[in-house]
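Trainee: Pick one buried spot in this model and take me through it slowly, please. I'd like the overall picture first, then the close-up.

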Amino acid sequence: MTATLQHVTADAGLGSTPLRAFNPTEERILTAALGLIGRRGVRRLGMQEIAEAAGVSRGTLYRYFPSKDHVLTAAADFDERRFSIGLDEVLAAAGAPEDQIGAFMAYAFDFIRSHPCRPLFESESGFVMSYLLDHLPSLRAELVLRLGDALDTVPAVAAGALDREQLIDVIVRLFAASWIIPESDDASLVHSINCILQTATA
């Protein structure tokens with residue numbers, strides 16, 4: 001469900017809208033909701049089962065989220081935030097720009113592979129496709145901002161064969177394909193993509 005990225009420093013975003021912070025009870029509810037969405041789908045998701053899965057009363061659930069639509073919106077925000085915070089940590093650990101691309105690719109594909117909502121495409125492909133189409137433009141823009149100088153270390157960009165936006169467009173399309181079509185060997189896929197990124201010059 002993650003579809004946009006914003007730089008997180010405390011609660012401030014790189015874009016114009018800061019990422020929302022969540023308290024422990026909200027996180028508990030939204031983590032449960034994401035798991036249920038992956039197993040049951042969006043259409044069959046009910047507030048009672050969210051409350052039961054989160055181990056909270058219906059009253060507590062409705063106090064934080066008045067309707068299922070509120071849960072779904074917050075779950076997307078929560079998912080975006082946890083992706084962004086994790087990415088911040090990965091890029092900081094990688095250090096030099098030339099090391100950040102590989103670290104980013106490994107992190108992003110692992111996030112997709114282990115995402116609780118990944119099975120949703122099998123039951124509600126229309127919902128997933130609509131969500132991706134609505135949010136992929138934001139993802140492209142944010143990744144260009146987030147990865148900036150790291151993108152210039154890719155030979156095809158350094159040689160002028162591609163610009164940053166073109167490279168990110170390819171990467172984002174690979175993410176979308178990976179979400180829809182699971183890989184038999186995730187590590188091999190990441191290795192192959194990194195080899196392409198570090199050798200392609202035309």
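**A close look at phenylalanine 109**

Mentor: Start with the fold: the protein chain has 10 helices and 0 strands, where helices (H or I, at least four residues) and strands (E, at least two) are DSSP runs, numbered from the N terminus. This is a predicted model, with local features needing pLDDT of at least 70 and side-chain atom pairs counting only at pLDDT 80 or more, while totals for chains, interfaces and linings use all residues. Residues are numbered from 1 along each chain as its sequence is written, and side-chain values use heavy atoms, with hydrogens and water left out.

Of the 202 residues in the protein chain, 45% are buried, meaning under 20% relative accessible area, with exposed over 50% and partly exposed in between (1.4 Å probe, protein chains only). Contacts (heavy atoms within 4.5 Å) have long reach here: among those between residues at least 6 apart in sequence, 71% join residues at least 24 apart.

Now the close-up. Phenylalanine 109 sits in helix α5, which covers residues 97–113. Its relative accessible area is 3%, so phenylalanine 109 counts as buried. What does phenylalanine 109 touch, leaving aside its neighbours within four places in sequence? The partners are Leu174, Phe175, Ser178, Leu189, Val190 and Ile193. As a long-range pair, take phenylalanine 109 and alanine 187: they are 78 residues apart in sequence, yet 8.9 Å apart in space, C-alpha to C-alpha.

Methionine 105 has its own list, again leaving aside neighbours within four places in sequence: Ile171, Phe175, Val190, Ile193, Asn194 and Leu197. You'll spot Phe175, Val190 and Ile193 in the list for phenylalanine 109 too.

Zoom out to the largest nonpolar core, a set of buried Ala, Val, Leu, Ile, Met, Phe, Trp, Tyr and Cys residues joined through side-chain atoms within 4.5 Å. That core has 56 residues, and Ile50, Leu61, Phe104, Met105 and Phe175 touch the most other members. Each of α1, α2 (47–54), α4, α5, α7 (125–151), α9 (164–180) and α10 (186–199) supplies at least two residues. The top contributor is α7, with 9 residues. In soluble globular proteins, nonpolar side chains tend to be buried together.
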